[in-house]
Amino acid sequence: MRAAAAAAGLLALTTVAGTRAPAPRMLRAGEHDKIAAFAQDGGVLAWLGVGRGCNSVSVLTGGGSRLSTPEPAGGSMTCHWDLAGERPQLAIAGAASAALWTLSQGGGVSFDYVMTASLGGREVRVDRLAHASDGTGLWLGGVAGAGTTLAYSVADVEYADELACLAGQSCRRRIAGGGVHVVSDGRQRLLPDTRPALSLATAAGRLAYVQAAAGSSGPVASARLPVLVVDADTGEAVCSVRPRGRPLALALSADVLAVLTRDGRTDRVSWYDSVAGAQLGSMRVSRRVAPELAASDQLVVFRIGLRLRGINLASDRVRTLARAATRPLGFSLVEDRLAWAENRPAGGRIRMLAVG
């Protein structure tokens, strides 16, 4: 529990009003040699760790409690899954005390398993998505969590005319289905009226997602389709935005929707009112930007190499917030706390920084 107590102190340090840490603080990820995925929500940190003989999702609360999910670990898919070379996704919903993560398996047919567990509880497989090497089938988009919301997105790609393709004619693909699925109590349901989707973000009871278009080898984002924001319980439309270019990533806070796009040779971060959909600002960024974003109502964070950079939404000023030692995993922003994971020779580390 020594690591848990230290984490509680770090969480308190970064959330006390008017207190700012001068540099990122570091927390060792316990027994895990490597962190495969990282997420945070409210005062809760979570990571999917590669352990000695057994993988697990660890959760650290602001009160210092550390839980391991699933339990019992030895009987779970996650425990024995080979995570080498994978980039699993992880989301945590602090108010729901539950986590959502993915496991993938390649081959002639690729599988994505969507897993969930309540904190300290048994894992449940809520979905299995499969697509073939020709790009047809069900594709996992993204996962997201905040408050009481856990969700993942799906796109189904099929041939427009499979018989014509087999005859050596057109092998054009089409989007045949999909949508955003919400997960609660170990069960998933398709959110009504949502469309086939890729990247996904959630905050304040709303979900934002990038719509899927058909590509030659799977679903892709398209500059022609708007980014949609919907109610996370009903699927009812809140707003839509049409950023300039193809969406690469998005982030959502209570008041702000941020979208990273590529238009020709220009990459841009744009931000919008997350309810009204009105554009509030836009800024060009380096073409070396990674397809990742994090956002609060005051700040949008993006990554270039090992540098985490932030756009102050009130002043439009950009500054370097931190430089990671290795590629940062799952960087996220909750109020004024920026957090991410790093893998170093001595083991997995979580770093946190007050950016208010």
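Two strands count as paired if DSSP finds at least two bridges between them. Keep that rule at hand for this tour of a predicted model.

**Stop 1: the four-stranded sheet**

Select β14, β15, β18 and β19. They form an open sheet in the order β14-β15-β18-β19, with antiparallel pairing. Now look at the edges, β14 (197-203) and β19 (237-241): each has a single partner strand, so one side of each is left without a neighbour in the sheet. Averaged over the sheet, neighbouring strands are turned by 20° against each other, direction ignored.

**Stop 2: β14 into β15**

Stay on the β14 edge. β14 and β15 run antiparallel, joined by five bridges. Pick Ala-197 and find Gln-211, its bridge partner in β15. Then go to the turn. The two strands make a hairpin with two residues between them, and Ala-204 there takes a positive phi near 50°.

**Stop 3: β15 against β18**

How many residues of β15 are buried? Colour the strand by relative accessible area, with buried set at under 20%. Six of its six residues are buried.

Next, add β18. Strand β15 (residues 206-211) pairs with strand β18 (residues 227-231) in the antiparallel sense, over five bridges. Two residue pairs are worth labelling. Arg-206 has Asp-231 of β18 as its bridge partner. Val-210 has Val-227, also in β18.

**Stop 4: β7 into β8**

Move to residues 98-105, which make up strand β7. Eight bridges join β7 to β8, and the two run antiparallel. Select Thr-102; its bridge partner in β8 is Val-114. Follow the chain to the turn. Here β7 and β8 form a hairpin with three residues between them. Gly-107 sits in that turn, with a positive phi of about 135°.

**Stop 5: β8 itself**

Is strand β8 (residues 109-118) mostly covered or mostly uncovered? Mostly covered: eight of its ten residues are buried.

**Stop 6: β8 into β9**

Add strand β9, residues 124-132. β8 and β9 pair in the antiparallel sense over eight bridges. Label Tyr-113 and look across to β9, where Arg-128 stands opposite. Which residue in the turn of this hairpin has a positive phi? Select Gly-120: its phi is about 80°, and the hairpin has five residues between β8 and β9.

**Last view**

Show β7, β8 and β9 together. β8 is joined to β7 by eight bridges, and β8 pairs with β9 over eight bridges. Then return to the four-strand sheet and find β15 once more: five bridges join β15 to β14, and five bridges pair β15 with β18.

Definitions and conventions. Residues numbered from 1 in each chain as written. Predicted model: local features only at pLDDT ≥ 70, side-chain atom pairs only at ≥ 80, totals over all residues. Heavy atoms only, no water. Buried < 20%, exposed > 50% of the residue type's maximum accessible area, 1.4 Å probe, protein only. Axes fitted to C-alpha atoms, helices over the stretch in contact; angles between N-to-C directions.
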